[in-house]
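I opened the notebook to record what I looked up, region by region, and I kept each entry to what the coordinates give.

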Amino acid sequence: MTLFIGSLQLGLIYGFLAIGIYISFRIMNIPDLTAEGSFTFGLVVSAVCADAGHPLLGIVLALIAGAVAGVVTGALNVYLRIPAILAGILTMSGLYSINLLTMDSKSNLTLIGTDTIFSLIAPVFGNDLDMAKTLVNVILVALTIFLIYTFFKTRIGLSIRATGDNEYMVRASSINISVTKILALALSNAIIALSGGILAQYQQFADISSGVGMLVVGLASVIIGEAFLGQRGILCGLCAAVLGSIIYRLLIALAYQTNIFPSAAFRLLSAVIVTIALAIPAIKQLIDMSRKRKENLRHADLD
């Protein structure tokens with residue numbers, strides 16, 4: 001039970017990461033590599049604010065910090081004509097130094113003994129910290145999904161979705177695609193930074209290298225979720241991203257729980273799980289092609 005609760009809590013936190021990556025990769029079709037930098041940026045900002053005694057402010061500033069990172073990437077891509085992949089790499093590289101400066105040139109920061117959003121809310125649940133961590137994350141994820149889904153039903157939200165579907169058609173419709181791209185990247189990275197900000201206060205620790213591999217993990221979560229729920233609209237996609245994140249964290253926790261793999265092999269195991277998740281679309285396509293081929297052969301024999 002403890003294993004499941006821990007996986008659920010972490011899965012919900014990393015679910016924000018998956019939602020942000022879903023927006024950039026699925027809705028906008030932009031391979032945004034800013035994620036690793038904006039995730040750490042949100043984590044660092046949140047940790048520094050919590051260390052100063054302002055945990056709630058840290059979450060808000062983490063959102064803003066991620067949005068600023070997304071705006072920078074979008075501006076590099078839209079106004080300077082730098083390819084989206086390279087723009088993301090440039091922003092991510094610059095954020096590494098900014099993150100170090102934010103933490104006063106320290107590579108890590110501990111929050112043990114300081115207040116967090118969870119410790120502040122724990123008295124409401126009878127000082128049950130685990131209950132506070134679970135319910136706060138559930139409420140925040142549900143609220144985020146609702147707000148994003150509602151936003152994408154508005155005029156500007158529909159313009160963003162249309163830009164991701166067909167940029168040239170939207171340009172012909174006199175919609176400013178520069179604004180829609182920058183706004184979408186700002187929203188995406190704000191949610192990713194929120195994930196980092198909540199994680200910092202959840203684990204009561206911040207490290208400059210925390211964002212390494214987050215892009216792949218988030219993308220794998222999206223694909224795992226889509227394997228279960230499919231791709232049937234924005235709401236389904238957002239829920240699938242969170243579900244995939246929870247499943248991924250549960251798989252990692254189960255692997256840690258067994259004694260089959262040595263501790264040195266867990267990085268390799270994580271890479272294998274992510275590889276399998278990323279290969280799911282190709283595997284499903286091969287299965288469908290094989291089924292169609294068998295059906296065609298059967299019809300040919302009947303004829």
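Which residues does Met103 touch, not counting residues up to four places away in sequence? The model I am reading is a predicted one, and in it I found Met103 touching Val44, Val48, Asn108, Leu109, Ala206 and Ile208.

**Entry on Met103 and Asp104**

I placed Met103 in the loop between helix 4 (84–102) and strand 1 (108–110), and I noted that Met103 is buried, with a relative accessible area of 5%. I also looked up its separation from Val216, and the C-alpha atoms of Met103 and Val216 are 25 Å apart in space, with the two positions 113 residues apart in sequence numbering. Asp104 is found in that loop between helix 4 and strand 1 as well, but I recorded Asp104 as exposed, because its relative accessible area of 59% is over the 50% cut-off. The phi of Asp104 drew my attention, since it is positive, near 60 degrees, in a residue other than glycine. I set beside this the general expectation that most residues other than glycine have a negative phi.

**Entry on Thr114**

I next went to the loop between strand 1 and helix 5 (117–121), where Thr114 lies. The side chain of Thr114 reaches the backbone oxygen of Leu111 at 2.5 Å. Leaving aside neighbours within four places in sequence, I listed the contacts of Thr114 as Ala50, Asp51, Ser119 and Gln204.

**Entry on Gln204**

That list led me to Gln204, which I found in the loop between helix 9 and strand 2 (205–207). Gln204 has a positive phi of about 55 degrees although it is not a glycine, and Gln204 follows helix 9. At 28% relative accessibility, I entered Gln204 as partly exposed.

**Entry on helix 9**

How far apart are the end C-alpha atoms of helix 9? I worked this through for its 27 residues, 177–203: at 1.5 Å a residue they should span 39 Å, and the end C-alpha atoms are 39 Å apart, which agrees. I then checked burial, and 23 of the 27 residues of helix 9 are buried, so I described this helix as largely enclosed by the rest of the structure. At its N-terminal end I found a cap from Asn176, with a side-chain oxygen that lies 3.0 Å from the backbone nitrogen of Ser178.

I looked separately at Leu183, whose place is in helix 9, and which counts as partly exposed at 34% relative accessibility. Leaving aside neighbours within four places in sequence, Leu183 is in contact with Phe151, Ile156 and Ile160. Leu183 and Ala67 are 116 residues apart in sequence, yet I read 8.6 Å between their C-alpha atoms.

**Entry on helix 6 against helix 9**

How are helix 6 and helix 9 oriented to each other, parallel or antiparallel? I found that helix 6 (residues 129–151) packs with helix 9 at an angle of about 175 degrees, the axes being 13 Å apart, and the two helices are therefore roughly antiparallel. By class, their contact has nine nonpolar, two polar and one charged residues. From helix 6 I listed Lys133, Asn137, Leu140, Thr144, Ile148 and Phe151, which meet Leu183, Leu187, Ile191, Leu194, Ile198 and Tyr202 in helix 9. I kept in mind here that an α-helix has 3.6 residues a turn, so residues three or four places apart point the same way.

**Entry on helix 7**

I recorded the buried residues of helix 7 as Gly157, Ser159, Ile160, Ala162, Thr163 and Gly164, and these pack against helix 1 (2–27), helix 6, helix 8 (167–172) and helix 9. Asp165 also has its place in helix 7 (residues 155–165), but I entered Asp165 as exposed, with a relative accessible area of 67%. Asp165 and Ile27 are 138 residues apart in sequence, and I read 7.6 Å between them in space, C-alpha to C-alpha.

**Entry on Cys236**

Last, I looked up Cys236, whose place is in helix 11 (residues 234–257). Cys236 is buried, because its relative accessible area of 14% is under the 20% cut-off. Not counting residues up to four places away in sequence, I found Cys236 touching Leu229 and Gly230. Cys236 and Glu226 are ten residues apart in sequence and 8.5 Å apart in space, C-alpha to C-alpha.

Methods. Residues are numbered from 1 along each chain as its sequence is written. This is a predicted model: local features need pLDDT of at least 70, side-chain atom pairs count only at pLDDT 80 or more; totals for chains, interfaces and linings use all residues. Side-chain values use heavy atoms; hydrogens and water are left out. Helices (H or I, at least four residues) and strands (E, at least two) are DSSP runs, numbered from the N terminus. The expected span of a helix is 1.5 Å times one less than its number of residues. Buried means under 20% relative accessible area, exposed over 50%, partly exposed in between (1.4 Å probe, protein chains only). A polar contact is a pair of N or O atoms within 3.5 Å; within protein, one must be able to donate a hydrogen and the other to accept it, and residues adjacent in sequence count only if both atoms are side-chain atoms. Axes are lines fitted to C-alpha atoms, for helices over the stretch in contact, and angles run from 0 to 180 degrees between N-to-C directions. Angles under 35 degrees count as roughly parallel, over 145 as roughly antiparallel, 65 to 115 as roughly perpendicular and the rest as oblique. Contact means heavy atoms within 4.5 Å. Ala, Val, Leu, Ile, Met, Phe, Trp, Tyr, Cys and Pro count as nonpolar, Asp, Glu, Lys and Arg as charged, and the others, Gly among them, as polar.
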